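Colleague: I would enjoy a close look at a single part of this model, with its surroundings brought in where they help. Could you take me through one helix and then out into the rest of the fold?

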Amino acid sequence: MAVVSVCLYSQTPEEWNVPQNYSLVNAEDYAPYNEDVVKCVDWLVNTPLDLQTSKRRDAHKFLMAWISGSPEVMVIVSEDLVPFFESGDLLLVFMGGWSKYSIRTGEYKDKIGGAVAGLEASISLYEKNKSMLSDSKSVVKSMANLVKLRKKGKLKEFVEENIAKNVKE
């Protein structure tokens with residue numbers, strides 16, 4: 001008799017704790033939390049949406065506070081670039097993926113690379129949580145399109161076309 005084990009998640013969520021009593025007031029307050037931002041994004045992507053919901057809320061709050069005030073990371077969000085705008089989980093992971101890319105590469109002005117990384121993170125979250133993110137037909141349709149573009153190797157092209165609509169150099 002064979003025993004078959006199915007793993008729904010390719011990666012077990014790394015244990016990470018949301019920073020407590022963080023202070024993000026001045027420009028110099030952000031860099032010390034860079035590694036926490038990276039781990040937060042990884043945790044959000046790799047932890048099923050229905051587990052540790054209180055910690056997820058705290059992680060969302062921390063990540064949003066960091067992104068919204070970071071003096072270095074500038075995330076572009078538009079409905080053309082982020083067609084799943086109405087999904088808070090996917091939207092925040094997009095912004096987090098972009099931030100993680102900027103931190104890891106030091107390429108804070110690379111809009112194309114940041115947006116591609118953000119979409120990749122959102123696609124990863126979506127694929128791991130489809131059943132919990134399928135309430136909105138427009139989100140499902142948008143994500144299915146992005147998954148197809150990624151499989152065809154055209155995600156970067158999608159970003160280039162849509163970022164050009166929203167950014168003037």
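Modeller: Gladly, and let me begin with a yardstick: the expected span of a helix is 1.5 Å times one less than its number of residues. The part I would pick is α5. By that yardstick its 15 residues should span 21 Å, and its end C-alpha atoms are indeed 21 Å apart, so the two values agree. Please keep in mind that this is a predicted model.

Now for the faces of the helix. The buried residues in α5 are Val139, Ser142, Met143, Leu146, Val147 and Leu149. Around the axis they cover an arc of only 160°, which means that they sit on the same side of α5. The other side of α5 carries exposed lysines, namely Lys137, Lys141, Lys148 and Lys151. As for what lies over the buried residues of α5, the cover includes α3, α4 and α6. Just after the helix, Gly153 adopts a positive phi of about 75°.

Two of the buried residues deserve a visit of their own. Ser142 is found in helix α5, and its relative accessible area is 13%; the cut-off for buried is under 20%, so Ser142 counts as buried. Setting aside neighbours within four places in sequence, Ser142 contacts Pro83 and Phe84. Leu146, with neighbours within four places again left out, is in contact with Pro83 and Phe84 too, and also with Leu119, Ile123, Leu155 and Phe158.

Leu155 takes us over to the next helix, since this residue lies in α6. With a relative accessible area of 3%, against a cut-off of under 20%, Leu155 is buried as well. Not counting residues up to four places away in sequence, Leu155 touches Leu146, Leu149 and Arg150, along with Val116, Leu119, Glu120 and Ile123. Leu155 and Ala115 are 40 residues apart in sequence, and their C-alpha atoms are 9.6 Å apart in space.

From here we can step into the core. The largest nonpolar core has 49 residues, and those that touch the most other members are Trp66, Leu81, Phe84, Phe94, Trp98 and Leu146. The elements giving two or more residues to this core are α1, α2, α3, α4, α5 and α6. The most comes from α3, which gives eight residues.

That makes α3 a good second stop. Helix α3 runs over residues 88-105, and its 18 residues reach 26 Å from first C-alpha to last, close to the 26 Å expected at 1.5 Å a residue. Its buried residues include Phe94 and Trp98, and among the others are Leu90, Leu91, Leu92, Val93, Met95, Gly96 and Gly97. Buried too are Ser99, Ser102 and Ile103. The cover over the buried residues of α3 includes α1 (34-46), α2 (53-69), α4 (111-128), α5 (137-151) and α6 (155-164). Just after α3, Gly106 takes a positive phi of about 75°.

Next, the aromatic rings. The structure holds seven aromatic pairs. In one of them, the rings of Tyr30 and Trp66 have centres 6.3 Å apart and planes at 65°, so the pair is edge-to-face. Tyr30 lies in the segment before α1 and Trp66 in helix α2, so this pair ties together parts that are 36 residues apart in sequence. Both Tyr30 and Trp66 are buried. Another pair is formed by Tyr33 and Phe62, whose ring centres are 6.0 Å apart with planes at 65°, so this pair is edge-to-face as well. It links distant parts of the chain, with Tyr33 in the segment before α1 and Phe62 in helix α2, 29 residues apart. Tyr33 is buried, as is Phe62. Ring pairs also join Tyr22 to Tyr33 and Phe62 in a cluster.

Stepping back to the whole chain, there are six helices and zero strands. Of the 169 residues in the chain, 46% are buried. Among contacts between residues at least 6 apart in sequence, 67% join residues at least 24 apart. The chain exposes about 9600 Å², with carbon and sulfur atoms supplying 50% of that area. Returning to where we began, α5 turns one side with buried residues such as Leu146 towards its cover, while its other side has exposed lysines, including Lys141.

Terms used
Residues numbered from 1 in each chain as written. Predicted model: local features only at pLDDT ≥ 70, side-chain atom pairs only at ≥ 80, totals over all residues. Heavy atoms only, no water. Helix = DSSP H or I, 4+ residues; strand = E, 2+ residues; numbered from the N terminus. Buried < 20%, exposed > 50% of the residue type's maximum accessible area, 1.4 Å probe, protein only. Contact = heavy atoms within 4.5 Å. Areas by Shrake-Rupley, 256 points an atom, 1.4 Å probe, with all protein chains shown as cover. Arc of directions from axis to C-beta. Phe/Tyr/Trp six-rings, centres within 6.5 Å; stacked < 30°, edge-to-face > 60°. Core = buried A, V, L, I, M, F, W, Y, C linked by side-chain atoms within 4.5 Å.
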